[in-house]
Amino acid sequence: MARDSAQPDRLLYLYGISAKAPAIKPADSVDGLSVVERLEDAGLVAWFSRVAPAEFGEKLATNMENLEWLSGASVRHQRTVSEISDSVTLLPARFGTVFNSDQSLLEHIREQKGALTAALARIEGTEEWGVKLFLNPSPPASPIEITSGRDYLRAKSAMVQTRKHTELDPDVVEFARELQSVAVDSAPSGKVSSGQNNLEWQASFLVRKKDRPKWDRVLKKYATRWADRREIQCTGPWPPYSFV
Amino acid sequence: MSTKADAILTPPPSSEQEASLLEVLDHVLNAGVVLHGSLVISVAGVDLIYLGLNVILTSIETALKHIHRQQLGS
């Protein structure tokens, strides 16, 4: 008994929950070895893989600090979720969501059926887009003549300070508002890449597939307007990771 | 003739690849539905995952800065 609960043979790695169960066989899986399976209950479908506890159990937190492991696993997670999302509206699970047994997975789906169904209805027919603005670097303002170490540090500190903006440029606010008016919802982007150079602003948007042309028009308008000043980077469509 | 010296005659790795991995991490790790109490790692907790992420975050930032500096220097 004790052994069963402490060390199950396999863990269930959850990709997400959908309402329908199209007959698809995603080519990828989070560990690159297992197949993607489905369990249906209470009108909901759970998509998962049976993975090794050694990799996704207690060691998961340690593994996530290993950039090499995390890169591989997150890219495979993304591919799998994306592939399922191509055929059915999928509520993506948080990366690293694992269950001990079929039993525990089903129990939790049943328990949260209401919330899951509502969330599914909300993301129906939508996709996530990531938008980033990069400021094209301008030459540093009037470099002072450096004759001592102290001058150097002062100059350095001035440079660093000018890069820290506490308030967004009104142009950017206007851009964000216009994107929001087309999108269903918006959310702050993940923090992983917030250290990128010259990144001025970033956010994620939930956009209806049928509003794509409108969405593209707004992006194009600002890309033309800002030509040399800023670069707009738009990535997607993503499964609605940031909106569930 | 291809010599060892030719190895340096390639452009620096484009930051595009880095960026796309960053995008994946940004989105995949941003959120996602949480079924409370269901996580085997709930002892460690989701917070721990994000705590771990800070370490990665720093290493990615450092790597990016490094790449950028190389490009500027070249």
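**A buried tyrosine and the two-domain chain around it**

Tyr222(A) counts as buried because 20 C-beta neighbours lie inside 10 Å; a residue is called buried if 20 or more other C-beta atoms lie within 10 Å of its own, exposed if 12 or fewer, and partly exposed in between, with C-beta atoms placed from the backbone. The structure is a predicted model, in which local features need pLDDT of at least 70 and side-chain atom pairs count only at pLDDT 80 or more, while totals for chains, interfaces and linings use all residues. Residues are numbered from 1 along each chain as its sequence is written, and chains are lettered from A and ligands numbered from 1 in the order in which they are written.

Tyr222(A) has its place in helix H9 (residues 212–226) of chain A; helices (H or I, at least four residues) and strands (E, at least two) are DSSP runs, numbered from the N terminus. Leaving aside neighbours within four places in sequence, Tyr222(A) is in contact with Phe175(A) and Ile232(A), where contact requires that the C-beta atoms of two residues, placed from the backbone, lie within 7 Å. From Tyr222(A) to Ser193(A) the C-alpha to C-alpha distance is 23 Å, with their positions 29 residues apart in sequence.

The confidence of the model comes next. Chain A has a mean pLDDT of 86, and 90% of its residues reach 70 or more; pLDDT is the predictor's confidence in each residue, from 0 to 100. Over residues 1–5 of chain A, however, the pLDDT is below 50, and this stretch has 0 contacts in the model beyond near neighbours in sequence. Where pLDDT is low, the predicted coordinates should not be read in detail.

Chain A is divided into domain 1 (2–123) and domain 2 (126–243), with bounds that come from an automatic or database domain assignment. The centres of the two domains, taken over C-alpha atoms, are separated by 32 Å. Across the boundary, 6 residues of domain 1 of chain A are in contact with 5 residues of domain 2 of chain A. On the domain 1 side, the elements that give two or more residues are helix H4 (67–87) and strand E4 (90–92) of chain A, and H4(A) gives the most, with 3 residues. The residues of this side divide into 4 nonpolar, 2 polar and no charged; Ala, Val, Leu, Ile, Met, Phe, Trp, Tyr, Cys and Pro count as nonpolar, Asp, Glu, Lys and Arg as charged, and the others, Gly among them, as polar.

The largest nonpolar core has 43 residues, and those with the most contacts inside it are Leu12(A), Tyr13(A), Leu14(A), Ala46(A) and Phe48(A). Such a core is a set of buried Ala, Val, Leu, Ile, Met, Phe, Trp, Tyr and Cys residues joined through C-beta atoms within 7 Å. This core draws at least three residues from each of the two domains of chain A. Apart from it lies another core, of 9 residues, among them Val192(A), Val24(B), Leu25(B) and Val28(B). Chain B itself has 2 helices and 0 strands, and 23% of its 74 residues count as buried.

Strand E1 (residues 11–18) of chain A is mostly covered, with 8 of its 8 residues buried. E1(A) runs antiparallel to strand E3 (residues 44–51) of chain A, joined by 7 bridges; two strands are said to pair if DSSP finds at least two bridges between them. Within this pairing, Gly16(A) has Trp47(A) as its bridge partner. E1(A) also pairs in the antiparallel sense with strand E5 (residues 98–99) of chain A over 2 bridges, where Leu12(A) is matched with Phe99(A). A further 3 bridges join E1(A) to E4(A), again antiparallel, and Ser18(A) stands opposite Leu90(A). Not counting residues up to four places away in sequence, Leu12(A) touches Phe48(A), Arg50(A), Val98(A), Phe99(A), Asp102(A) and Leu105(A).

Two backbone details remain. Most residues other than glycine have a negative phi, and most peptide bonds are trans. Ala42(A), in the loop between strand E2 (36–41) and E3 of chain A, has a positive phi near 55 degrees. Ala42(A) is partly exposed, because its C-beta neighbours inside 10 Å number 13. The peptide bond from Gly236(A) to Pro237(A) is cis, with omega near -5 degrees, and Pro237(A) belongs to strand E9 (residues 230–238) of chain A.
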